[in-house]
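Hello,

Here is the structure I promised to pass on to you. Have a look at it first, and then read on for what turned up.

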Amino acid sequence: MIEAWSADDVRAAEAALMETLAEGELMARAATGLAEVAAARLEERGGSRVVALVGPGNNGGDALYAAAQLAEHGFAVAAVRADWPVHEGGLAAAREAGVIVVGPGQDEGEDWRALLAVADLVVDGVLGIGGRPGLPEPAQPWVDAVPDDAYVLAVDLPSGQDPAGVAAVPDAVFADETVTFGVAKPVHLLPATEPAVGRLTVVDIGLAVDAPAAVQRVTRDDVARLWPVPTAGDDKYSRGVLGVVAGGEQYTGAAILCCTAAVCSGVGMVRYVGPPTPTGLVRAMVPEAVTGEGRVQAWVVGPGLDAEATGESAERQLEVAGRALASDMPVLVDAGGLDLVWGRRVAPTMLTPHAGELARLLTRLTEREVTREQVQAAPVDHARKAADATGATVLLKGATTLVVPPTSSGLAVRSQNDAPAWLATAGAGDVLAGLAGTLLAAGLNPLDAGSLAALVHGVAADAANPGGPVRAMAVAHGIPGTVAALLAR
């Protein structure tokens, strides 16, 4: 599992470590790791010209010491600074190594724009994890002048991005790679800021953080530990019976996709409840499913469900959905089922909206308008509001999927980035609901069920047609092989 810690916890751990080391040793470790990565990227790209953008804090010091090491190894290196104090030791080391330093009181004859224009690699050392979102005014022209073909290597985080990973900053640095030290931070894993991070490289500096992680990411190596593998003593009932209230006369496919995903995920039994047309299709295409109510270990409510549908069969389906939400069973609520959520549930609950659905849910629950754009700009905050209002774990679907428990749980946010962009297709959410519902029925808590389902869903999509278009049903059919391969790692 990948874990990320808050800036405050990281700084406290760094302070404790520095007390055990010689002065400057921690920065030396960071700078050496940064220089090694920079040299490797230059060699891969056949480049030789480096420009370091130097800020006033320790990240500027890391950049200066790394620049000195790169110059000593024969690269052509320049450093650009503004009218702010910079790390004196780093500055002295850079100048002694032959780094061209441009800025107030330095080599005024050199044009930083001309240096940037020919740079093969740009080291972004303007701000670190102690900075606030947004670039300082002198640095904005630097960032704007970075050529498109230069490789941007950020120190600890892309400068100007939110260290907490809560909000996106469009005018900040977008790096090709970020080198961070010791441990990952929320900015590296959360959806508002992860696109700006690029490739993430963690350099070992001997840091250990004695605090709960703020963000976690389940990896492929975690699947064998988390997946509910049956034993010889299990039967279909002990493995989990999943009730599915999905589909309608308008959206018939959702029922098929959800039920197919559930049986392909290894559920003990599916009990499907729906109107005549989707019921007939489920009987034909998912013969393992049983139709009608019965005893279950968990429910999936909502894929393709129309909460305003009329007619005797639709009303019966909605009655079952209402009883599921009023029960003490674990429930996953998706799509149309979200319109039935009005308050808190005590039993384990997972809500699986996309950004637009979460905006509508929050508008209804808070009686204040929330837009899709607001959710996309600050996804963690909005998912947390819904989790706290409902007592549910919120799985917010997107390019990076968030799994956010209520604040009162004390649990970390999970962030999964496992799916190809091709998975943004109709029906993919129905497949995810059946997969996650299976894990709830098997006894996993909503946080583990949601993050594990998001991972397997993404891996199955990629395996279904690597590098090309994928349909939702192919993802569902790919789940058995994907799980088997992941369990065998």
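**Gln 216 and its partners**

Gln 216 sits in strand S9, which covers residues 215–217. Please keep in mind throughout that this is a predicted model. With a relative accessibility of 13%, Gln 216 counts as buried. Its side chain makes a polar contact of 2.8 Å with the side chain of Arg 414. Setting aside neighbours within four places in sequence, Gln 216 is in contact with Met 1, Ile 2 and Glu 3, and also with Ala 412, Val 413, Arg 414 and Ser 415. Arg 414 therefore appears both in the polar contact and in the contact list.

**Thr 201, another buried polar residue**

You may like to look at Thr 201 next, in strand S8 (residues 199–203). Thr 201 is buried as well, at 17% relative accessibility, because the cut-off for buried is under 20%. A polar contact of 2.6 Å links the side chain of Thr 201 to that of Glu 177. Beyond four places in sequence, the contacts of Thr 201 are Val 37, Arg 41, Glu 177, Thr 178, Val 179 and Thr 180.

**Ala 13 and Asp 156**

Helix H1 (residues 7–18) contains Ala 13, a buried residue at 10% relative accessibility. Which residues does Ala 13 contact, leaving aside its neighbours within four places in sequence? They are Leu 207, Ala 208 and Val 209. Asp 156 is 143 residues away from Ala 13 in sequence, and their C-alpha atoms are 15 Å apart in space.

Asp 156 deserves a visit of its own. It belongs to the loop between strand S6 (151–155) and strand S7 (177–181), and at 5% relative accessibility it counts as buried. Asp 156 is not a glycine, yet its phi is positive, at about 75 degrees.

**Two loop residues on the exposed side**

Glu 367 also has a positive phi without being a glycine, with a value near 60 degrees. This residue is in the loop between H13 and H14. Is Glu 367 buried or exposed? At 73% relative accessibility, Glu 367 counts as exposed.

Gly 443 is in the loop that lies between H16 and H17, and it too counts as exposed, with 61% relative accessibility. Along the chain, Gly 443 and Gln 297 are 146 residues apart, while 8.1 Å separates their C-alpha atoms.

**Helix H15**

Helix H15 spans residues 379–390, which makes 12 residues. From first C-alpha to last it reaches 17 Å, close to the 16 Å expected at 1.5 Å a residue. Its buried residues are Pro 379, Val 380, His 382, Ala 383, Ala 386, Ala 387 and Thr 390. What do these buried residues pack against? Their partners are three strands and two helices by name: S15 (349–352), S16 (393–396) and S17 (401–404), along with H13 (355–366) and H14 (372–377). Just after H15 comes Gly 391, with a positive phi of about 75 degrees.

**Pocket and cavity**

The largest pocket has a volume of about 1100 Å³. Its lining is made up of 49 residues, and those nearest the centre are His 354, Ala 355, Lys 397, Gly 398 and Gly 429. Several helices supply at least two lining residues each: H10 (253–264), H13, H14, H16 (428–441) and H17 (446–464). H13 gives the largest share, with 5 residues.

There is also 1 cavity of 30 Å³ or more, and the largest cavity holds about 40 Å³ of space. Around it are Leu 325, Val 333, Val 341, Gly 343, Arg 345, Thr 349, Leu 351, Thr 390 and Ala 392. Thr 390 is thus one of the residues lining the cavity and one of the buried residues of H15.

**The cysteines**

How many disulfides does the structure hold? The count is 0. Cys 258 and Cys 259 do not form one because their sulfurs are 5.6 Å apart, too far for a bond, where a disulfide needs the two sulfur atoms within 2.5 Å. For Cys 258, the closest cysteine sulfur is the one in Cys 259, and the reverse holds for Cys 259. Cys 258 is buried, at a relative accessible area of 0%, and Cys 259 is buried with a value of 0% too.

Best wishes

Methods
Residues numbered from 1 in each chain as written. Predicted model: local features only at pLDDT ≥ 70, side-chain atom pairs only at ≥ 80, totals over all residues. Heavy atoms only, no water. Buried < 20%, exposed > 50% of the residue type's maximum accessible area, 1.4 Å probe, protein only. Helix = DSSP H or I, 4+ residues; strand = E, 2+ residues; numbered from the N terminus. Expected span 1.5 Å × (residues − 1). Contact = heavy atoms within 4.5 Å. Polar contact = N/O pair within 3.5 Å; in protein donor to acceptor, adjacent residues only side chain to side chain. 1 Å grid on protein atoms, 1.4 Å probe; cavity = no way out; pocket = protein on both sides within 12 Å on 5 of 7 lines; lining within 4 Å. Points joined across faces, edges and corners; volume = space filled by probe spheres on them.
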